[in-house]
Amino acid sequence: MGSAEKKQLILNAFAMQSPSHLNPGLHRYPKDQGHKYTSLQSWIRVAQKLEAAKFHAIFFADVLGGYDVYKGPANLDPTIPAGAQFPINDPLYSIPAMAAATETIAFGVTASTTYDAPYAMARRFSTVDHLSNGRVGWNIVTSYLESAARNFGLNTQIEHDERYRIADEYLDVTYKLWEGSWRDGAVYKGDDRDGVKGYADPKAVRQIHHKGKYFNVPGPHLCEPSPQRTPFLLQAGTSSAGKAFAAKHAEAIFLNGQTPELVRPSVDSVREQAKALGRDPAGIKIVAGVLVIVAETDEAAHAKFEEYARYGDREGALALFGGWSGYDLSTYDDEQDFRFVEQPAVRSMVNHWASTVPGMEGKKWNKRTIADYLIMGGNGCKIIGGPKTVADELERWVEVADVDGFNLSYASIPETFDDIIQYLVPELQARGIFHTDYAVKGGTMRENMTEQKGQTRLPESHPGAKYFWREGEEVPKYAESQ
């Protein structure tokens, strides 16, 4: 395959506005700037650095509660010293400032369909899409922490698949607000603004009259149409319900896995489901979560990884496990091998790791092994080595798993990204698999993620496109039959 035909990688920085993201305790590493997560200037510097290296986006994870299962119930004592995704700020508020200090890099922001009203969510994303000139994406989540459910007035979480049924209607509401409440051309611009007509045509702004099982939203949308109208849509569901939701709605899907061979079936499944829904399966970008530790040589990279590991907080790692799985490992003996415990969900998870994590074959998976494994990069793949070693493995992921790019997490911020920019990006560019400039300089997130100039709106094959209110229509087509 010639270099001109090689798939161009999407590279995103995977971050969280918290002292530690997937690196509990690493805020203690002397060069780490995790403790500056409240500093707007610190985030602006990270955004500018990543934009200079031509990263597509910064993808901000978020949670709405603390990891309080381990040594619980409702106990944050192991979580707090580790800074393990606690305390945590809402990432959306920093995006306009980062956008003002940059030109093209985009920003994916996690927000939940379970604990926020769609009318309010639509307004917030339209506002930030305006202020960023179309450079915002929404990572749609349904939330998974019991602590969040309790703090939003519930006794326990809404059942998993029911959360996705709610999310599906939620998206219908937001599509109607973003795409079907203001007609194309409703706002008088340029030559049309004659001082007589007023700001916008009142006949081109309509109530959406949404009445559903979960939501009643009359509308209209409070904001005039933003550059993308609907923000670029990202999703990271791994369950059957999550994958079905992603196949219907997502423009980019975030997957985690230890090896590309194990990730490929999920990629194929999502693309097949999308095709069955009439969408272009190749148009959905699949992005794998990876921790890359790169240095000038393989030896230097492994030495750096070992140095980072000295600062990791094992109790914080087990707290993360508790939040992700819902299981409290403190109730087991320290030397218990979790490959053989009676609890099937824990046994299945740990056996999966035991059989797939490189270098861990035959090792006893007790609490310390699990903590050591989760200390950096969460339960995703870790690639450690010099530029050639890392680039070879990323290329193998693209070839074997059919992914389109990577969400790169960090052990230390910004040092991990600095190393990637210094050592890895030039190697990827030399191989012709990562761009040397953005496809659309100053363009929207959708344009640069799809590399299609002018593609600011949802593609026609996307289910949200049926809500478009086009010029010349008295009402949107979907509303004619209602």
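Tutor: Two strands pair if DSSP finds at least two bridges between them. Keep in mind that this is a predicted model.

Student: What makes E1 and E11 a pair?

Tutor: Four bridges join E1, residues 10-16, to E11. The cut-off is at least two, so they pair. The two strands run parallel. Ala13 stands opposite Leu408 of E11.

Student: What makes E9 a partner of E11?

Tutor: Five bridges join E9, residues 285-294, to E11, and these strands run parallel. Val290 has Leu408 as its bridge partner in E11.

Student: Why is E11 called largely enclosed?

Tutor: Five of the five residues in E11, residues 405-409, are buried, so the rest of the structure largely encloses this strand. Both faces are covered. Gly405, Asn407 and Ser409 are buried on one side, Phe406 and Leu408 on the other.

Student: Why is Cys223 called buried?

Tutor: Its relative accessibility is 12%. Buried means under 20%, so Cys223 qualifies.

Student: And Cys381, buried or exposed?

Tutor: Buried: Cys381 has a relative accessible area of 4%, against a cut-off of under 20%.

Student: How many disulfides are there?

Tutor: Zero. The rule asks for a pair of cysteine sulfur atoms within 2.5 Å.

Student: Why is H10 called roughly perpendicular to H12?

Tutor: H10, residues 314-325, packs on H12, residues 367-374, at about 90 degrees, with the axes 8 Å apart. Angles of 65 to 115 degrees count as roughly perpendicular, so the label fits H10 and H12.

Student: Which residues meet there?

Tutor: Among them are Phe321 and Trp324 in H10, and Ile370 and Leu374 in H12. By class, the contact of H10 with H12 has seven nonpolar, no polar and four charged residues.

Note on methods
Residues numbered from 1 in each chain as written. Predicted model: local features only at pLDDT ≥ 70, side-chain atom pairs only at ≥ 80, totals over all residues. Heavy atoms only, no water. Buried < 20%, exposed > 50% of the residue type's maximum accessible area, 1.4 Å probe, protein only. Axes fitted to C-alpha atoms, helices over the stretch in contact; angles between N-to-C directions. Parallel < 35°, antiparallel > 145°, perpendicular 65-115°, else oblique. Contact = heavy atoms within 4.5 Å. Nonpolar A, V, L, I, M, F, W, Y, C, P; charged D, E, K, R; others polar.
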